[in-house]
Every structure is written in structure tokens, then in C-alpha cells.
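Please open the model in your viewer and keep the sequence panel beside it, since each stop on this tour begins with a selection.

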Amino acid sequence: MPENSSAYSGGPVRVRFAPSPTGDLHIGGVRTALFDYLLARNTGGQFILRLEDTDRNRLVEGSIDKIYESLRWVGLEWDEGPDIGGPHGSYVQSERVESGIYADAANRLIKKGLAYECDCTPERLERVRERQRATKQAPGYDGHCRTRDPQELADSRAAGNPIVVRLMVPRGRTANFSDEVRGNVSIKYQDISDFVIQKSDGFPTYHLAHIVDDDDMKITHVLRGEEWLPSVPRHLLIYEGLEIPRPVYAHLPVILAEDRTKLSKRHGAASALDFRDAGYLSGAIFNFLALLGWSPGNDLEVMSREETIAKFSLDRVKEAPALFDRSKLEWMNGTYIRQITVDELVDLAIPFLESGLPAHAPRPIEAARVRPLIAMTQERMKTLAEAPEAIDLFFEDAINPTPEELIQKKMDAASTASALETSLNIIRDFEPFEPEPLEVRFRALAVELDVKIGALFGSIRVATTARKVAPPLFDTMVALGRDRTIERIENAINSLESAAG
RNA sequence: GCCCCGUUAGUGUAGCGGCCUAACACGUCACCCUUUCAAGGUGAAGAUCACCGGUUCAAAUCCGGUACGGGGUACCA
């Protein structure tokens with residue numbers, strides 16, 4: 001039985017996502033934020049965004065905006081945060097330091113004899129570690145300053161030596177606690193050395209800062225990656241020392257790439273914005289990420305945001321690492337592309353068309369112009385990034401199909417040329433120039449010419465698109481327009497004749 | 001090294017002691033639809049539930065060990 005349980009007793013939760021502004025927001029971070037969001041919305045609670053920037057050396061310019069942008073793109077709106085404020089601000093740790101809340105907490109722990117100051121130099125720490133390696137002992141701080149004479153420390157401080165505060169980890173005790181996804185866990189304090197809670201620059205470490213802030217912000221549930229699980233005993237010690245109730249813990253499974261190593265840049269897109277730029281839809285990412293470590297317990301996979309919120313619960317989060325299956329994401333994105341309206345798809349596709357369509361296509365890309373083209377390729381697209389290549393054939397001035405491509409099964413250059421010639425004559429003054437009537441006429445033509453429908457349509461398709469795979473033929477003709485259709489077929493006949501001649 | 005967590009078809013998941021002769025989805029293959037490709041439909045192949053023991057009338061499910069994988073062991077989060 002866990003000796004240490006949380007004060008939470010049901011009802012709306014308060015959860016926070018607390019990234020460090022140290023670069024792009026990794027997709028794993030977004031997944032954590034998503035689970036926070038889902039839990040908050042499911043229980044009618046609050047989702048809070050907080051910036052943990054206590055490591056002054058790792059700050060990366062611009063990453064805060066990227067965090068906002070990533071979260072908003074996926075649709076994870078926060079209820080309190082650095083940019084929108086809230087009753088428990090500031091929501092940026094570095095801005096909270098001067099209020100003294102972290103130093104106060106550290107001092108309280110020192111006064112109670114649960115923490116102590118330490119002036120060990122990095123060099124000494126390195127020597128200790130070396131010795132431990134040599135004697136095959138567990139690496140970690142040796143507790144040297146636990147028993148230092150207070151006067152000695154005071155002198156050291158006066159001499160300008162950097163001082164940190166370490167928590168005194170009790171030997172012989174065991175931390176027993178319950179985690180919402182892993183169940184009961186027990187870890188011996190034996191294996192944990194006295195860790196730093198306040199750095200020599202006066203900033204708290206994560207261990208101290210997040211606890212002080214979570215308490216101040218009335219956080220009820222802590223959701224984070226499972227890499228934090230072994231740190232829980234340290235945190236329990238701080239909660240105990242500060243006499244504040246601990247939150248409910250849920251350590252989420254890591255996300256692995258297909259090669260079973262942690263998903264990273266190496267595997268291509270890894271940050272949320274990478275996925276946006278690769279042409280994935282926000283809804284698809286939301287849906288896919290929700291399934292990364294969680295499932296509703298039935299066969300449902302494609303779910304709306306509302307459904308996901310309604311069904312989400314921590315006890316259905318999986319313990320095993322979640323594997324990021326890109327081919328499944330592609331499939332899911334395709335289903336989302338097919339679900340939205342043509343107009344929505346056009347809006348989403350235009351940025352991709354602006355950059356991906358041939359240079360001579362008129363800019364800016366007009367929605368009305370590309371709408372019919374997008375409409376006929378919608379169900380063939382898996383990502384928005386495929387939009388340009390799906391419709392660029394409509395923007396080419398001249399296409400040059402080879403005779404080999406034009407000539408279909410059981411046909412030769414002469415019969416192909418003559419079939420195209422006949423087709424051309426029909427197209428020149430066929431009315432109305434619309435898909436259905438055209439199809440009826442050309443089906444009849446195949447019979448008249450005694451060739452397979454597939455062969456006739458195939459050579460016309462190659463003649464008009466220079467592709468074997470293209471949108472439906474008569475939609476293509478109409479989209480191309482009568483004049484350009486004629487031009488392209490004439491061009492194809494010429495190439496057949498010059499090859500034969 | 002030590003500590004923690006995990007392990008169900010190629011992949012993602014469902015399974016919470018008897019309904020499991022293990023389900024669903026992606027992927028693969030076949031067929032249907034069909035002017036190509038998609039989409040859609042139907043079906044097939046694919047798992048001795050990591051391994052070895054134990055508990056039980058009964059184990060994918062509970063317990064122990066082993067193997068493998070991941071994580072932790074910082075004045076990083």
C-alpha cells in the first residue's frame with residue numbers, strides 16, 4: 001500500500017504543461033500537452049501552460065513563440081499561461097525567482113535540517129565520480145558537505161565560492177507511491193544521492209521549482225514522460241519537507257521511432273511544426289497523438305476532438321512505449337483530408353501550392369482556379385504536400401508523352417494515332433463539353449473502333465496528362481479546357497507520327 | 001555497474017482468471033467495383049500472447065526468475 005497518496009479526491013483537475021524553451025517543441029511534448037488538455041477538458045478542469053526556464057544556459061531564442069504556435073496549431077488552448085495570464089502568475093519561472101518563493105522553500109528545508117549548503121567544486125565532484133567508477137560504486141554525490149562546519153561554509157561563501165543547496169536524502173528508507181499508469185512503484189532511497197535543489201546562480205533546479213509552482217498553482221495532476229519516474233522519490237521528499245500535499249502522478253510512455261529508439265530529428269519530422277509543414281492536418285495529428293499511449297478501449301480509432309475528450313481517462317493509458325507508426329499517420333491524415341470540405345481543403349492546400357506549383361503558374365494562387373482541381377484529387381491525397389504534384393499537370397504549358405507511354409496494350413503507333421485523330425475530331429465541336437456526355441460518347445467510340453475502353457481512355461489520358469496515373473479522364477479534359485485538350489492531343493499525334501516516320 | 005519501467009501477428013492497439021479456436025486497425029496479398037490511380041467493399045496470409053518455472057480445476061491475464069528493449073543515475077529538464 002502506498003504510504004504516500006495525493007490529496008486529490010475527484011472532480012475537475014488542474015494540470016499544467018511545463019516545457020523548457022530550449023528549442024523546437026518535440027512531438028512527445030505535444031503528446032504530453034495533449035493528454036493534459038484531454039484530462040482537463042474531460043473533467044471540466046483547467047489546462048495551464050508554464051515555462052520552465054531555470055536553466056539559463058540552454059535557452060533558445062524564439063522557442064517560446066514556437067511553443068505557443070505548436071500548441072495552438074494542434075488546438076490545445078490553455079486556460080492560464082504566460083501570454084494570457086491568470087490568477088497564479090507569473091507563468092514563467094525565471095520571473096518568479098525574484099519573488100523569493102524558491103529560495104524560501106530551500107531555506108525552510110535547510111532550517112528543518114532536510115537540506116544543506118555545499119561548496120564542492122565541479123573538479124572535486126568529478127574526482128569523486130572517477131573514484132566511484134574505479135571502485136564500481138554507484139555514481140553520485142558523496143555527501144561531503146553534509147557534515148561541514150557551518151563556519152567553514154560561511155567563510156567559503158564570504159570568499160566568493162559558488163554555493164549550491166542539496167537535499168539530504170535519507171538512507172534506509174523506501175519510497176512507495178502509486179502512479180496512475182504504472183500502479184504501485186517502490187524505489188529505495190539507497191540508490192539516490194543528495195541532489196541539488198538550488199544552483200549556485202540562485203536559480204532553483206527543476207526538482208524544487210516545479211513543486212513550489214505546482215503547489216502555488218494548485219495543480220492536482222502531474223502528467224509527464226516516464227523518464228521522470230525514477231525522480232519521484234526525490235520529489236516526495238520535498239513535498240514531505242515542505243509539508244504540502246503531493247499531486248496525482250501519471251508517467252506517460254515514451255514515444256519511439258520505428259527503429260525502437262527515441263523519436264528524434266534523425267527520424268525526419270519530430271517537432272510539431274515539422275508535421276504541419278509536411279502537410280499533416282491538425283485534426284489528424286490530434287487524433288494520432290491521442291492514440292500514442294492511450295486507447296478508448298474499443299475498436300474506435302478515427303475520433304473527433306469531442307469524442308476523444310469524452311472518452312479520455314488516465315487508467316486507459318498504456319505502460320509500454322508508444323511506437324510512432326508513420327504509415328498509419330499517413331493513412332489517418334488521408335481520412336481527414338477526405339473528411340473535410342473541398343473549400344477547407346483548398347484553403348489548407350494553397351500555401352503548399354504557392355511554393356510547390358511550377359514557377360509559371362500565376363501567383364497568387366486563386367482558390368476559385370484550383371478548386372475544381374483539388375476536388376478531383378481530394379480522395380487521392382494523403383498529405384497536403386502532395387497537392388502540387390497532384391494538380392501541376394494542369395499548369396504545364398507543354399507536356400511531352402513518349403510514344404511508348406501513349407501506345408496501349410494490343411495497339412501500335414498507327415492505330416493509336418488514328419484513335420487519337422478520331423477523338424480529336426469529336427472533341428473539336430462536342431457539346432456540351434462536360435464529363436458525363438463526353439464519357440458516353442467515348443465509350444461508344446471504343447466500340448466503333450473495336451478497341452478496349454481501357455486502351456482508348458489510356459492513350460487519351462497519357463496524351464492529355466503525360467501520366468499513366470491521373471484524375472478521372474473526362475474531369476481532366478473539362479478542367480484543362482477544350483483548347484488545351486486539343487492542343488495536347490495534337491501534340492501526341494505528332495510525336496507518334498514522327499516516331500513512326 | 002546499480003535502480004526503475006516495459007515485452008500480444010511486420011506495425012499500432014484491444015484483452016483486467018474461464019466468453020481466446022486471441023479481436024480491431026495500419027501495412028501486405030487476392031477478388032469485387034472500375035477509364036488509370038485512389039477511395040470503397042469482400043476475403044486471405046500473418047501470433048505456439050519474449051522465454052523458463054510457479055499459483056490455480058482453469059493463465060495472454062496472478063507470482064518469481066531469465067533474456068531483450070527503454071529510461072534514470074547532472075549546479076538539464
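The tour goes first to the RNA and its surroundings, and then to some backbone features in loops.

Bear in mind throughout that this is a predicted model.

**Stop 1: around the RNA**

Begin by selecting RNA strand B together with the protein residues around it, of which there are 58. Those that come nearest are Arg182, Glu379, Arg380, Arg443 and Arg461, so labelled here for you to pick out in the viewer. If you then colour the RNA by atom, note that sugar and phosphate make up 70% of the atoms of RNA strand B that come within 4 Å of the protein. Colouring the surrounding surface by residue class gives 24 nonpolar, eight polar and 26 charged residues.

**Stop 2: individual polar contacts**

Next, show the side chains of Ser20, Glu52 and Ser295, and look at the RNA atoms that face them. An N or O atom in the side chain of Ser20 is 3.0 Å from a sugar or linking oxygen of RNA strand B, and for the side chain of Glu52 the corresponding distance to a sugar or linking oxygen is 3.1 Å. At Ser295 the partner is a phosphate oxygen of RNA strand B, which lies 3.0 Å from a polar side-chain atom of that residue.

Now step back to the secondary structure: the elements that give two or more residues to the surface near RNA strand B are strand 4 (164-167), strand 6 (183-188), strand 11 (322-323), helix 12 (326-339), helix 18 (435-449) and helix 19 (453-465). Which helix gives the largest share of that surface? It is helix 12, with four residues.

**Stop 3: two cis peptide bonds**

Select Gly89 and Ser90, which are joined by a cis peptide bond with omega at about -5°; Ser90 sits in the loop between helix 2 (63-74) and helix 3 (93-96). Then move to Arg363 and Pro364, where a cis peptide bond has an omega of about -10°, and where Pro364 belongs to the loop between helix 13 (342-356) and helix 14 (367-377).

**Stop 4: positive phi outside glycine**

Select Lys218, in the loop between helix 7 (206-216) and strand 8 (221-225); although Lys218 is not a glycine, its phi is positive, at about 60°. Finish at Ala466, another residue other than glycine, with a positive phi near 60°, which you will find in the loop between helix 19 and helix 20 (473-480). Is Ala466 buried, partly exposed or exposed? Ala466 counts as partly exposed because its relative accessibility is 26%, and partly exposed covers the range between under 20% and over 50%.

Technical notes: Residues are numbered from 1 along each chain as its sequence is written. Chains are lettered from A and ligands numbered from 1 in the order in which they are written. This is a predicted model: local features need pLDDT of at least 70, side-chain atom pairs count only at pLDDT 80 or more; totals for chains, interfaces and linings use all residues. Side-chain values use heavy atoms; hydrogens and water are left out. A residue is near a molecule or strand if one of its heavy atoms lies within 4 Å of it. A polar contact is a pair of N or O atoms within 3.5 Å; within protein, one must be able to donate a hydrogen and the other to accept it, and residues adjacent in sequence count only if both atoms are side-chain atoms. Ala, Val, Leu, Ile, Met, Phe, Trp, Tyr, Cys and Pro count as nonpolar, Asp, Glu, Lys and Arg as charged, and the others, Gly among them, as polar. Buried means under 20% relative accessible area, exposed over 50%, partly exposed in between (1.4 Å probe, protein chains only).
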